[in-house]
Amino acid sequence: MTTQLGYASPVDLDTYGAYAVSDPQYPFIGRLGDPDFPEEAGRYHLYLSHGCPWAHIAAIVRHARGLTEVISASYVDEERDGRGWAFRERFGPDPVNGFTLLRDAYEATRPGYTGHISVPTLWDRAGHRIVANAYNDIPNNLATAFEGFADPAAADLYAEDLREAIDTTDTDFATAARRGGLWTSEEGETINTLERSDAHLADKRYLFGNRFTLSDIRFWVKLLRFPETYRAAIAQDGRTLVDYPNLWGYARDLYTRPEFRATTDLAVQAENRARRFPDSPAGPTAEQWAAPHDRATLG
């Protein structure tokens with residue numbers, strides 16, 4: 001059931017139930033630059049969500065590399081029922097295919113598809129099919145593809161000499177996030193991973209010194225969602241992001257970069273937090289995010 005103007009009908013949990021993740025989850029693993037997906041400006045489109053951290057990472061990388069005029073993007077609605085992600089009035093219709101549900105893109109690619117409907121989803125206009133929905137691979141691919149189209153002044157987000165270290169760092173941060181910010185050592189000691197990161201950033205502007213990388217983007221997206229991501233650490237001692245001086249300065253510093261501001265909807269973040277975790281502490285206000293910091297001189 002859809003409304004007019006190419007929008008899905010409102011969320012209806014009574015009719016469609018709640019959305020449930022089903023297998024296969026991330027079966028589309030194409031890469032830009034492969035023979036099937038040549039690097040052609042204007043050929044690809046990213047389906048994103050403001051609230052989804054994985055989609056947010058892809059959005060920041062796209063902007064950071066200067067690919068906003070090369071790869072188009074649009075946003076799904078933030079609320080889902082059993083139909084999955086949908087296009088509604090708040091963030092506009094699907095500008096590429098006129099789909100009302102993101103599920104339509106999966107059905108067009110693989111008729112009869114019954115697996116997970118996820119963002120980010122990378123779409124091929126020429127082939128009328130999904131390139132990839134593997135959330136962790138898409139940012140890596142965007143960080144290295146379209147070399148001839150990207151902004152030459154953009155940072156090398158996935159530099160070859162740091163690639164192994166970036167992958168290890170991102171895995172460690174992802175594991176720490178799944179544990180709510182706490183880590184139990186082999187000796188049974190409970191370690192606050194945020195304290196470790198705060199100390200690491202005491203004399204470094206970015207995680208790898210003066211080099212801005214994918215790891216900074218992935219970590220910042222977690223910090224933005226601090227009350228949701230690090231619930232165990234908050235429960236331990238009540239500290240939130242603003243109570244870690246180096247992490248908070250680091251987060252504000254990154255927020256001054258255009259790729260972060262242009263892709264971050266603080267109102268959506270607050271709404272999602274209130275809807276999904278009504279008892280969690282509120283995050284920093286827009287004024288706090290824009291407050292001055294003094295990290296620019298760090299190496």
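**Exercise 1. Locate Pro 120 in this predicted model and describe the peptide bond that precedes Pro 120.**

Pro 120 sits in the loop that lies between α3 (103-109) and β3. The bond joining Val 119 and Pro 120 is a cis peptide bond, with omega at about 0 degrees. A cis peptide bond also joins Asp 23 and Pro 24, where omega is about -5 degrees, and Pro 24 belongs to the loop between α1 (13-16) and β1.

**Exercise 2. Work out which strands stand at the edges of the sheet, and why one side of each lacks a neighbour.**

Begin with the strand order, which is β2-β1-β3-β4 in an open sheet of 4 strands with mixed pairing. Reading this order, β2 (72-75) and β4 (129-132) are the edge strands, and because each has a single partner strand, one side of each is left without a neighbour in the sheet. Neighbouring strands are turned by 35 degrees against each other on average, direction ignored.

Next, take the pairing of β3 (residues 121-124) with β4: the two run antiparallel and are joined by 3 bridges. Trp 123 has Ile 130 in β4 as its bridge partner. Finally, helix α2 (residues 53-64) packs on the sheet, where α2 touches β1 (44-48) and β2, and the direction of α2 makes about 140 degrees with that of β1.

**Exercise 3. Compare the settings of His 128 and Phe 146: which is buried and which is partly exposed?**

His 128 is found in the loop between β3 and β4, and although His 128 is not a glycine, its phi is positive, at about 50 degrees. Phe 146, in the loop between α4 (137-144) and α5, likewise has a positive phi, of about 60 degrees, without being a glycine. With buried meaning under 20% relative accessible area, Phe 146 counts as buried at 0%, whereas His 128, at 39% relative accessibility, counts as partly exposed.

**Exercise 4. Determine where the buried residues of α6 lie around the helix axis.**

In helix α6 (residues 193-200), the buried residues are Thr 193, Leu 194, Ser 197 and Asp 198. They span an arc of only 140 degrees around the axis, and therefore lie on the same side of α6. At the start of α6, a side-chain oxygen of Asn 192 comes to within 2.8 Å of the backbone nitrogen of Leu 194.

**Exercise 5. Describe the surroundings of Asp 170.**

Asp 170 lies in helix α5 (residues 163-178) and, at 10% relative accessibility, counts as buried. Leaving aside residues up to four places away in sequence, Asp 170 touches Ser 215 and Arg 218. The side chains of Asp 170 and Ser 215 are joined by a polar contact of 2.8 Å.

Technical notes: Residues numbered from 1 in each chain as written. Predicted model: local features only at pLDDT ≥ 70, side-chain atom pairs only at ≥ 80, totals over all residues. Heavy atoms only, no water. Pairing = 2+ DSSP bridges. Axes fitted to C-alpha atoms, helices over the stretch in contact; angles between N-to-C directions. Contact = heavy atoms within 4.5 Å. Buried < 20%, exposed > 50% of the residue type's maximum accessible area, 1.4 Å probe, protein only. Arc of directions from axis to C-beta. Polar contact = N/O pair within 3.5 Å; in protein donor to acceptor, adjacent residues only side chain to side chain.
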